[in-house]
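Reader: I should be grateful for a close look at a single part of this model, set in the context of the whole. Please treat one residue in detail and then widen the view.

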Amino acid sequence: MIINAISIFFLVTGLLFFIGGAVGIIRMPGFYTRLHPVGKLDTLGIMAMAIGLAVYNLHHFSLATFLVSMKICMIIFFVFLSSPTATHSIVDAGMRAGLRHWTKKKEKG
């Protein structure tokens, strides 16, 4: 019972992080400002959802389910390594392509 509640908490938390990242893509004005919420919130969303799945997998504890949960933890580790690297590579590609930073347009008058 408690494992189900913990799993649901982490899955809902991950869903909220993913929704926040989607809102960040829509609401932010420039290329570089859109990458910030996506890089942060998607990584946190994946972490929370994977933790929820790893905890739920331990519902019927055995060596096999423990090993699967450890594999899920390894996925979390590799996502934490690769997501910031991928975001940095995208920003670097944008800089090399000559994309300018967003600036607020001044009103005439």
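**Thr65 and its surroundings**

Author: Leaving aside the neighbours within four places in sequence, Thr65 is in contact with Asn57, Leu58 and His60. The model is a predicted one, and the account that follows should be read as a description of that prediction. Thr65 is found in helix 3, which covers residues 63-97. Of the contact partners just named, Asn57 is the residue at which helix 2 (residues 31-57) ends.

The side chain of Thr65 also takes part in polar contacts. It reaches the backbone oxygen of His60 at 3.2 Å. In addition, a polar atom of the Thr65 side chain lies 2.9 Å from the backbone nitrogen of Ser62. His60 thus appears both among the contacts of Thr65 and as the owner of the backbone oxygen that the side chain of Thr65 reaches. With a relative accessible area of 15%, Thr65 counts as buried, because the cut-off for that class is under 20%.

Helix 2 deserves its own description. It has 27 residues, and the distance from its first C-alpha to its last is 38 Å, close to the 39 Å expected at 1.5 Å a residue. Several of its residues are buried, among them Tyr32, Leu35, Pro37 and Thr43. The buried set in helix 2 also includes the glycines Gly39, Gly45 and Gly52, together with the alanines Ala48, Ala50 and Ala54. The cover over these buried residues includes helix 1 (2-27) and helix 3 (63-97); the latter is the helix in which Thr65 is found.

Turning to the protein as a whole, its secondary structure comes to three helices and zero strands, in the pattern α-α-α along the sequence. The radius of gyration is 19 Å, well over the 13 Å that the globule rule gives for 109 residues, so the protein is more spread out than a compact globule. Along the principal axes, its C-alpha atoms fill a box of roughly 70 × 30 × 10 Å. Buried residues make up 20% of the 109 residues. Among contacts with a separation of 6 or more, 71% join residues 24 or more positions apart. The accessible surface comes to about 8,200 Å², and 73% of it belongs to carbon and sulfur atoms.

As to confidence, the mean pLDDT of the protein is 91, and 99% of its residues reach 70 or more. Confidence is lowest in helix 2, at a mean of 92, and highest in helix 1, at 94.

Key. Residues numbered from 1 in each chain as written. Predicted model: local features only at pLDDT ≥ 70, side-chain atom pairs only at ≥ 80, totals over all residues. Heavy atoms only, no water. Helix = DSSP H or I, 4+ residues; strand = E, 2+ residues; numbered from the N terminus. Expected span 1.5 Å × (residues − 1). Buried < 20%, exposed > 50% of the residue type's maximum accessible area, 1.4 Å probe, protein only. Contact = heavy atoms within 4.5 Å. Polar contact = N/O pair within 3.5 Å; in protein donor to acceptor, adjacent residues only side chain to side chain. Rg over C-alpha atoms; globule rule 2.2 N^0.38 Å. Areas by Shrake-Rupley, 256 points an atom, 1.4 Å probe, with all protein chains shown as cover. pLDDT = per-residue confidence, 0-100.
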